[in-house]
Amino acid sequence: MSDVPFKVVDFSTHMSGPMAAHLLRNAGAEVIRVEHPKFGDGNRGAGPFIAGVGNVHVGLSGGVRSITASNRSELWPTLVRSAVQWADAVIVGGRQPDLAKRGIDFATIKAINPRAVYCHITGYGLSGPWANEPAHGQNVDARAGRVHPVSEDGVLVTPTGMRTAGTMLAGVFAAMGVLAALVRRGSDGPGEFVHSSLWHSAMWWSWRDANMLANEHRNWHEYRDMGSRYAVYETADGRAMLLCPVEKKFWDAFCEVADMPDEFRQRGDWSAGMEWGFEDEREAIASRIRLRDLDAWSELFVERDVPFSPILTLEEAMNSDHAQALDLMVDSEAGGNPVKVMSPPWQQGSDPEAISSHTIPAVPDLGEHSADVLQEWGLGGHDISAFR
């Protein structure tokens, strides 16, 4: 596989590291994941399941090659050395003392291969009072101001639909850092240290709010408070629509299409480029939107270039004609069964008219590539069981 642009060995587990590896593989890398002989990468056995395989593992492991090895094996240091000599980038996750015990800390890796980009993903960062605390899932989001529990029958729960931001974004930023470091390394330079943390990533997701608090000591407005011209309205068939005519050309077009009263058409201060509306016009807009169904409004607004969107469920969005046109869900295979997985949200190629969505190869069985990888790393003389 010498034609691949760069090679990645992934010693990480669970979501952030595998997310980074997934993105790098779709950017052209060959990725080999070193997994625990019994538990794999921590995602294989974690439900809910798709075709008998953990959902996260199915979504993030297509095309990754899997080798199993235990850090308790006497041959573990030998495997680490061979893996790192092979790699352009190394992904690890966890706290520094744990990495040192496993022999995959920065100093050890750089001594083996100075050109390797070392990507370390932590829970709370490299320093600070929380640095050595365990991080898991929504822990980091809770400490980043993103979890707002609600009471249901006297029991505090997180709202339906709440998803972790930090764990996923840390992997996205790690992949960006690795790619940037590889560019700077070039053909003859040294590798760099790349770090991202789950907590910092979760905080970054609220960057607009944080910037307002830091500078103006007040909260960034929430979407439900953005005004009558950036609000959700109900159509005649009971569907919800987000209407957004906040620029003058859009407001003028909307007023004409919706036959708004003259008293509202000229209102607004457009000196800042946008006008968010007035509370006393909200009912006037609502009464107009209730006159037609969603399809009718959609046709009119598209024709007149008025920004709007129907409020879709995830299932509706996935099954839309637009999703089909963009190959949102693509074919893969897991556990010997055909599955559908989300395609990465970018396309690339030399011809913008000919590019297509990524193909997602099969999700590997645990240790499926152990024999081949050991051979490639110059360790083919050892029995696979010796690394477990």
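How many Å² does the accessible surface of the protein come to, and what percentage of it belongs to carbon and sulfur atoms? With the whole chain selected, the accessible surface comes to about 20,900 Å², and 52% of it belongs to carbon and sulfur atoms; accessible areas here come from the Shrake-Rupley method with a 1.4 Å probe, and for residues only the protein chains shown count as cover. This is a predicted model, in which local features need pLDDT of at least 70 and side-chain atom pairs count only at pLDDT 80 or more, whereas totals for chains, interfaces and linings use all residues. Residues are numbered from 1 along each chain as its sequence is written, and side-chain values use heavy atoms, with hydrogens and water left out.

**The whole protein**

Keep the full view for a moment: the C-alpha atoms fill a box of roughly 85 × 50 × 45 Å, taken along the principal axes. A cartoon display should be read against 16 helices and 15 strands, where helices (H or I, at least four residues) and strands (E, at least two) are DSSP runs numbered from the N terminus. Of the 388 residues in the protein, 41% are buried, buried meaning under 20% relative accessible area, exposed over 50%, and partly exposed in between (1.4 Å probe, protein chains only). Among contacts between residues at least 6 apart in sequence, 68% join residues at least 24 apart, a contact being heavy atoms within 4.5 Å.

**The parallel sheet**

Select next the six strands that form an open sheet in the order β5-β2-β1-β6-β7-β10, with parallel pairing. β5 and β10 (193-197) stand at the edges with a single partner strand each, so one side of each is left without a neighbour in the sheet. Direction ignored, neighbouring strands of this sheet are turned by 20° against each other on average; axes are lines fitted to C-alpha atoms, for helices over the stretch in contact, and angles run from 0 to 180 degrees between N-to-C directions.

Zoom in on the β5 edge, where strand β2 (residues 30-35) and β5 pair in the parallel sense over four bridges; two strands count as paired if DSSP finds at least two bridges between them. Valine 34 has isoleucine 67 in β5 as its bridge partner. Within β5 (residues 65-68), Arg65 and Ile67 point one way while Ser66 and Thr68 point the other way, and all are buried. In a regular strand the side chains alternate between the two faces of the sheet.

Move along to strand β6 (residues 89-93), which pairs with β7 in the parallel sense over five bridges, and pick out valine 92, which stands opposite histidine 120 in β7. Helix α7 (residues 166-185) lies across β6, β7 and β10, and runs at about 165° to β10.

**An enclosed helix and a surface patch**

Colour helix α1 (residues 16-26) by accessibility: eleven of its eleven residues are buried, so α1 is largely enclosed by the rest of the structure. Following α1 is glycine 28, whose phi is positive, near 120°.

For contrast, show Phe106, Leu126 and Phe193, which make a nonpolar surface patch of about 260 Å²; such patches are made of residues with over 30% relative accessible area and no salt bridge, like charges being joined within 9 Å and nonpolar side chains (Val, Leu, Ile, Met, Phe, Trp, Tyr) within 5 Å. Leucine 126 lies in the loop between β7 (117-122) and α6 (138-142), and counts as exposed at 53% relative accessibility.

**Salt bridges**

Turn on the charged side chains, among which a search of the whole structure finds 20 salt bridges, each a side-chain nitrogen of Lys or Arg within 4 Å of a carboxyl oxygen of Asp or Glu. Aspartate 141 and arginine 146 form one of them, the closest N and O atoms being 2.9 Å apart, and both residues are buried. In helix α10 (residues 248-258), aspartate 252 and lysine 248 meet in a salt bridge (3.0 Å, N to O); being four residues apart, they are separated by about one helical turn. Aspartate 252 is partly exposed at 32%, and lysine 248 is partly exposed at 38%. Finally, select Asp10, Arg33 and Asp41, which are linked in a network of salt bridges.

**A hairpin to finish**

Strands β14 (residues 329-334) and β15 (residues 337-342) run antiparallel and are joined by six bridges, with lysine 340 in β15 as the bridge partner of aspartate 331. The two strands form a hairpin with two residues between them, and glycine 335 in the turn has a positive phi of about 60°.
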